[in-house]
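I opened the notebook to keep track of what I looked up here, one topic at a time. Follow along in the viewer if you like.

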Amino acid sequence: SDPEIPVLTIEDLGIFRDAIVDEDGNVTVHITPTYTGCPAMDMIRVNIKAALQDHGIDNVEVIQSLNPIWTTDWITEEGKRKLKE
């Protein structure tokens, strides 16, 4: 979930961009902040790693990318509904 708006997931907000699992089981997760310098990104990174480790996945890298720049177009329909509520 988003630490600042817990009813939303990082997928709802479009922050989660991709997850790649290589042949050795290593996981790379790509995230994009809603704005440069977003303080929640450190907590999001920690939460992603913890959630995967809780499921036995220990080799996790979380990569933050600023390109392309996040846009509200990435908010899912579910995320928009939750924001309205």
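**Strands 1 and 2.** I began with the pairing of strand 1 (residues 16-21) and strand 2, which run antiparallel and are joined by five bridges. This is a predicted model, so I keep that in mind for every entry below. Looking for a residue pair across the two strands, I found Phe-16 opposite Ile-31 of strand 2. Next I checked the turn. The hairpin has five residues between the strands, and Gly-25 there takes a positive phi near 90°.

**Thr-28.** I stayed in strand 2 for this one, since that is where Thr-28 sits. Is Thr-28 buried or exposed? I noted a relative accessible area of 18%, and Thr-28 is therefore buried, the cut-off being under 20%. I then listed its contacts, leaving aside neighbours within four places in sequence: Asp-18, Ala-19, Ile-20, Glu-61 and Ile-63. Of these partners, I could place Asp-18, Ala-19 and Ile-20 in strand 1 from its range, 16-21, and Glu-61 and Ile-63 in strand 3 from its range, 60-64.

**Confidence.** Before going further I looked up how far to trust the coordinates. The chain averages a pLDDT of 93, and 100% of the residues score at least 70. Helix 2 (residues 40-54) has the lowest confidence, at a mean of 94, while strand 2 (residues 27-31) has the highest, at 97. A general reminder to myself: where pLDDT is low, predicted coordinates should not be read in detail.

**The nonpolar core.** Which residues of the largest nonpolar core touch the most other members? The core has 17 residues, and the answer is Ile-15, Val-29, Ile-31, Met-41, Ile-44, Ile-48 and Val-62. I then asked which elements give two or more residues to this core, and wrote down helix 1 (10-13), strand 2, helix 2 and strand 3 (60-64). Helix 2 provides the largest share, with four residues. As general background, nonpolar side chains tend to be buried together in soluble globular proteins.

**Met-41.** I picked Met-41 from that core for a look at its surroundings. Not counting residues up to four places away in sequence, Met-41 touches Ile-15, Ile-31, Thr-32, Pro-33 and Gln-64. Ile-15 and Ile-31 are also on the list of core residues that touch the most other members. Thr-32 was my next stop.

**Thr-32.** This residue lies in the loop between strand 2 and helix 2. With a relative accessible area of 3%, Thr-32 is buried. What does its side chain reach? I found the backbone oxygen of Ser-65, at 3.3 Å. Leaving aside neighbours within four places in sequence, I noted contacts from Thr-32 to Ile-15, Arg-17, Met-41, Ser-65, Pro-68, Trp-70 and Trp-74.

**Thr-76.** Another threonine, this time in the loop between strand 3 and helix 3. Thr-76 is partly exposed, with a relative accessible area of 26%. A polar atom of its side chain lies 2.9 Å from the backbone nitrogen of Gly-79. Apart from neighbours within four places in sequence, Thr-76 is in contact with Glu-11 and Asp-12. I also took one long distance: the C-alpha atoms of Thr-76 and Asp-42 are 22 Å apart, with their positions 34 residues apart along the chain.

**Salt bridges.** How many salt bridges does a search of the whole structure find? I got five, and I followed up some of them in and around helix 3. Lys-80 pairs with Glu-77, the closest N and O atoms being 3.5 Å apart. These two are three residues apart in helix 3 (residues 77-84), so about one helical turn separates them. Lys-80 is partly exposed at 34%, whereas Glu-77 is exposed at 61%.

Arg-81 bridges to Glu-78, with closest N and O atoms 2.5 Å apart. Here too I noted a spacing of three residues in helix 3, and therefore about one helical turn. Arg-81 is partly exposed at 37%, and Glu-78 is partly exposed at 36%. The side chain of Arg-81 also meets that of Glu-85 in a salt bridge (2.5 Å, N to O). Glu-85 counts as exposed, at 70% relative accessibility. Through shared partners, salt bridges join Glu-78, Arg-81 and Glu-85 into one network.

Notes:
Residues numbered from 1 in each chain as written. Predicted model: local features only at pLDDT ≥ 70, side-chain atom pairs only at ≥ 80, totals over all residues. Heavy atoms only, no water. Salt bridge = Lys/Arg side-chain N within 4 Å of Asp/Glu carboxyl O. Buried < 20%, exposed > 50% of the residue type's maximum accessible area, 1.4 Å probe, protein only. pLDDT = per-residue confidence, 0-100. Pairing = 2+ DSSP bridges. Core = buried A, V, L, I, M, F, W, Y, C linked by side-chain atoms within 4.5 Å. Contact = heavy atoms within 4.5 Å. Polar contact = N/O pair within 3.5 Å; in protein donor to acceptor, adjacent residues only side chain to side chain.
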